[in-house]
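Please open the model in your viewer and keep the sequence panel at hand. The tour below proceeds by selection, one stop after another.

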Amino acid sequence: MARSSRTTPTHPTPPKPRSASKPSSPRPAKSRRGRRKAPDAATVLAILAQTYPTAHCELDFTNPLELLVATILSAQCTDKRVNIVTKQLFQRCRTARDYAEIPPAELEALVASTGFFRAKARNIRNCCAALVAEHGGQVPASMDALIKLAGVGRKTANVVLGNAFDLNEGVVVDTHVGRLARRLGFTSHSNPVKVEADLAAIVPQPQWAVLSHWLIWHGRRRCSARKPDCPDCELRALCPSASPVA
Ligand code: SF4
């Protein structure tokens, strides 16, 4: 899961859940090959559910603190690399206080291979110091509290809430989710907050967390940024961005 984190929280506005009585229409995307109607979201979800029945967060974690730290580390880094790093890190630091008190140079060395390691190490230490000072060392299960923490933006908060607490507060929008949402015609925006709002408007709230898993898995396995595998894509018949048959 390629993710970015922000030191300063922005756009904390939660998306509006889809209304049961008046479902809204997705914003039609402008395809390079013309304008094709966005597919029915429910049909797309059904296909993705069938295609990826075991879709889940691919970061390794056993508790909310581990997921929070792993998600901060995953900015501009692969989940595979993060999982390698956290295997050792989670042995060294087991509590928020451990992270708050670990010497900066030691933490930087432990997370160096994830990139941007000084900023990530600083955010993790500051974030965990705030957990100790303000939350009894626990990760809060609330969007408002999470986005006040260093290195935690709305996306990271959504990852933690959806996967560690089973709370569908919002939709995780990373690079894969944004790209898939645009290619499928569910949004025309590149701003993650606007993409999230468009997805939340057409997908039932109980499916917000799994929706991001499905789109991330499809983005990684079928619809890559540079070379989408349209000929073999399970969504080909519905997708407004599908390449023409050769
Ligand atoms: S048809 Fe092509 S562009 Fe559309 S989702 Fe599938 S791989 Fe991506």
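Begin by selecting helix H9: its buried residues are His176, Val177, Gly178, Leu180, Ala181, Arg182 and Arg183. The model is a predicted one. H9 spans residues 175-183 and is mostly covered, with seven of its nine residues buried. Add helix H10 (192-202) and helix H11 (208-221) to the selection, for these are the helices against which the buried residues of H9 pack. Then step just past the end of H9 to Gly185, which takes a positive phi of about 85°.

**The ligand**

Arg183, listed above among the buried residues of H9, is also one of the residues surrounding the ligand. Select the rest of that shell: Arg222, Cys223, Pro228, Asp229, Cys230, Cys233, Leu235, Arg236, Cys239, Ser241 and Ala242. Colour the shell by residue class, and it divides into seven nonpolar, one polar and four charged residues.

**Helix H2**

Next, select helix H2, residues 64-73. Is this helix enclosed or open to its surroundings? It is largely enclosed by the rest of the structure, because eight of its 10 residues are buried. Show the side chains of Leu65, Leu67, Leu68, Val69, Ala70, Thr71, Ile72 and Leu73, the buried residues of H2. Their packing partners are H3, helix H4 (96-101), helix H5 (104-111), helix H6 (117-135) and helix H8 (154-164). Two of these partners are visited in turn below.

**H2 against H3**

Two packed helices are described by the angle between their axes and the distance between the axes. Display H2 together with helix H3 (residues 79-92): the angle is about 135° and the axes lie 10 Å apart. H2 is therefore oblique to H3. The crossing of H2 past H3 is right-handed. To view the contact, select Glu66, Ala70 and Leu73 on the H2 side, and Val82, Val85, Thr86 and Phe90 on the H3 side. This contact comprises five nonpolar, one polar and one charged residues.

**H2 against H8**

Now hide H3 and bring in H8. H2 and H8 pack at an angle of about 145°, with 10 Å between their axes, and their crossing is right-handed. From H2, select Pro64, Leu67, Leu68, Thr71 and Ile72; these meet Thr156, Val159, Val160, Asn163 and Ala164 of H8. Seven residues of this contact are nonpolar, three are polar and none is charged.

**Loop residues**

Three loop positions complete the tour. Most residues other than glycine have a negative phi. Which sign does phi have at Gln76? Although Gln76 is not a glycine, its phi is positive, at about 55°. Gln76 sits in the loop between H2 and H3 and is partly exposed, with 14 other C-beta atoms within 10 Å.

Move on to Phe116, in the loop between H5 and H6. Phe116 is not a glycine either, and has a positive phi of about 45°. Phe116 counts as partly exposed because it has 16 C-beta neighbours inside 10 Å.

Finally, select Pro53, in the loop between helix H1 (41-51) and H2. Is Pro53 buried or exposed? Pro53 counts as exposed, since it has 8 C-beta neighbours inside 10 Å. Add Trp214 and draw a distance between the two C-alpha atoms: Pro53 and Trp214 are 161 residues apart in sequence, and 8.8 Å apart in space.

Definitions and conventions. Residues are numbered from 1 along each chain as its sequence is written. This is a predicted model: local features need pLDDT of at least 70, side-chain atom pairs count only at pLDDT 80 or more; totals for chains, interfaces and linings use all residues. A residue is near a molecule or strand if its C-beta atom, placed from the backbone, lies within 6 Å of it. Ala, Val, Leu, Ile, Met, Phe, Trp, Tyr, Cys and Pro count as nonpolar, Asp, Glu, Lys and Arg as charged, and the others, Gly among them, as polar. Axes are lines fitted to C-alpha atoms, for helices over the stretch in contact, and angles run from 0 to 180 degrees between N-to-C directions. Helices (H or I, at least four residues) and strands (E, at least two) are DSSP runs, numbered from the N terminus. Angles under 35 degrees count as roughly parallel, over 145 as roughly antiparallel, 65 to 115 as roughly perpendicular and the rest as oblique. A crossing is left-handed if the near helix is turned anticlockwise from the far one by less than a right angle, and right-handed if clockwise. Two residues are in contact if their C-beta atoms, placed from the backbone, lie within 7 Å. A residue is buried if 20 or more other C-beta atoms lie within 10 Å of its own, exposed if 12 or fewer, and partly exposed in between; C-beta atoms are placed from the backbone.
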